[in-house]
Amino acid sequence: MTEIGSFTKKRYSLVLTQYRSGSEYNDFIGRYYHFPSKYLNTLTNANTEFIYYEPAKKGSGVYFGYGKLGQLFEDKREEDHYFAEINNYKAFSKEVPFIDENGNQREKGPSYNPQNAARQIDATALDEICLDGGILLNFEADAHLIKVLGEELIASEQVGILELVKNSYDANASTCQVHIEKIPNLPPCNDSKYEFNQYAGPVIVVEDDGIGMDINSIKNGWMRPAST
């Protein structure tokens, strides 16, 4: 096995196109990314993180997962092809469409070329797509604040779930759904009945259609004014 590349701390973000079925490459989603040698330089970078995108041509036109690239190595069976090891893979809890709710494409700028199966994306745009997909990256908070929010305001797991439901009301949600799956001591059911079957469990998801905050709002402490 020929190992390629070394890693430093500089952040480098990519979009990797990936069909979830019918791919012409020998991919293993969330474990290995198979690619031709023309993308070798693009993928040989320090601390490469990526999001999967399934093109609309033969797929759904959505982003569906996040991960980090590990070692690259040659494909011994197919000439001029390589594999990239994938670490820390996280599947999105919900797919993120290429076009946002305002009708704008999520990828833009001089580095965007839809013909490239591996292309660079701004780290902020990657973070926002991940947030819309249900995972939060690179969020930093004061340790005392975490203690206050986690221990002093929320006294128990039950109160924590209740607070999430109350937050939905505060966000002017018209609906709020609580999904409970794979909880110990509850009667099991067939895996096909689970909506979030990609997680081992236990799973509790509180989902609403209220007015949320984007990643900049979270980082900068923005709060929606109270209604009058």
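**Exercise 1. In which helix does lysine 166 lie, and is lysine 166 buried, partly exposed or exposed?**

Solution. Because this is a predicted model, each step below works from computed values. Begin with the placement along the chain: lysine 166 belongs to helix α4, which covers residues 157–170. Next, take the relative accessibility of lysine 166, which is 42%. Buried means under 20% and exposed means over 50%, with partly exposed in between, so lysine 166 at 42% counts as partly exposed. Finally, consider a residue further along the chain: cysteine 176 is ten residues apart from lysine 166, and the C-alpha atoms of the two are separated by 9.5 Å.

**Exercise 2. Work out the strand order of the open sheet and explain why one side of β2 and of β6 is left without a neighbour in the sheet.**

Solution. The open sheet is formed by six strands in the order β2-β5-β4-β3-β1-β6, and the pairing is mixed. Reading that order from either end leads to β2 and β6 (118–120), which stand at the edges; each has a single partner strand, so one side of each lacks a neighbour in the sheet. Direction ignored, neighbouring strands of this sheet are turned by 35° against each other on average.

To see the mixed pairing in detail, go through the pairs in turn.

- Strand β1 (residues 12–17) pairs with strand β3 (residues 48–54) in the parallel sense over six bridges; tyrosine 12 has threonine 48 as its bridge partner in β3, and threonine 17 stands opposite tyrosine 53.
- β3 also pairs with strand β4 (residues 62–74), here in the antiparallel sense and over six bridges, with isoleucine 51 opposite tyrosine 66 in β4.
- β2 runs antiparallel to strand β5 (residues 81–97), to which five bridges join it; one of the facing pairs is histidine 34 with phenylalanine 83 in β5.

**Exercise 3. Determine how many residues of β3 are buried, and set this beside the burial of β2.**

Solution. For β3, seven of the seven residues are buried, so this strand is largely enclosed by the rest of the structure. The burial applies to both faces: Thr48, Phe50, Tyr52 and Glu54 point one way, Glu49, Ile51 and Tyr53 point the other way, and all are buried. β2 is mostly covered, with four of its five residues buried.

**Exercise 4. Describe the second largest pocket by its volume and its lining.**

Solution. Start with the volume, which is about 570 Å³. The lining consists of 24 residues, of which Thr17, Tyr19, Pro55, Gln115 and Ala117 are the closest to the centre of the pocket. Sorting the lining by class gives twelve nonpolar, six polar and six charged residues. As for its origin, the largest share, four residues, comes from strand β2 (residues 32–36).

**Exercise 5. Which residue caps the N-terminal end of α2, and which residues of helix α2 are buried?**

Solution. At the N-terminal end, the cap is aspartate 122, with a side-chain oxygen that lies 2.9 Å from the backbone nitrogen of threonine 124. Within the helix (residues 123–132), the buried residues are Ala125, Leu126, Asp127, Ile129 and Cys130. Beyond the helix, α2 is followed by glycine 134, whose phi is positive, near 100°.

Definitions and conventions:
Residues are numbered from 1 along each chain as its sequence is written. This is a predicted model: local features need pLDDT of at least 70, side-chain atom pairs count only at pLDDT 80 or more; totals for chains, interfaces and linings use all residues. Side-chain values use heavy atoms; hydrogens and water are left out. On a 1 Å grid over the protein atoms alone, a cavity is a set of points where a 1.4 Å probe fits but cannot get out, and a pocket is an open set with protein on both sides within 12 Å along at least five of seven lines; lining residues have an atom within 4 Å of a point. Grid points are joined across faces, edges and corners, and a volume is the space filled by probe spheres set on the points. Helices (H or I, at least four residues) and strands (E, at least two) are DSSP runs, numbered from the N terminus. Ala, Val, Leu, Ile, Met, Phe, Trp, Tyr, Cys and Pro count as nonpolar, Asp, Glu, Lys and Arg as charged, and the others, Gly among them, as polar. Two strands pair if DSSP finds at least two bridges between them. Axes are lines fitted to C-alpha atoms, for helices over the stretch in contact, and angles run from 0 to 180 degrees between N-to-C directions. Buried means under 20% relative accessible area, exposed over 50%, partly exposed in between (1.4 Å probe, protein chains only). A polar contact is a pair of N or O atoms within 3.5 Å; within protein, one must be able to donate a hydrogen and the other to accept it, and residues adjacent in sequence count only if both atoms are side-chain atoms.
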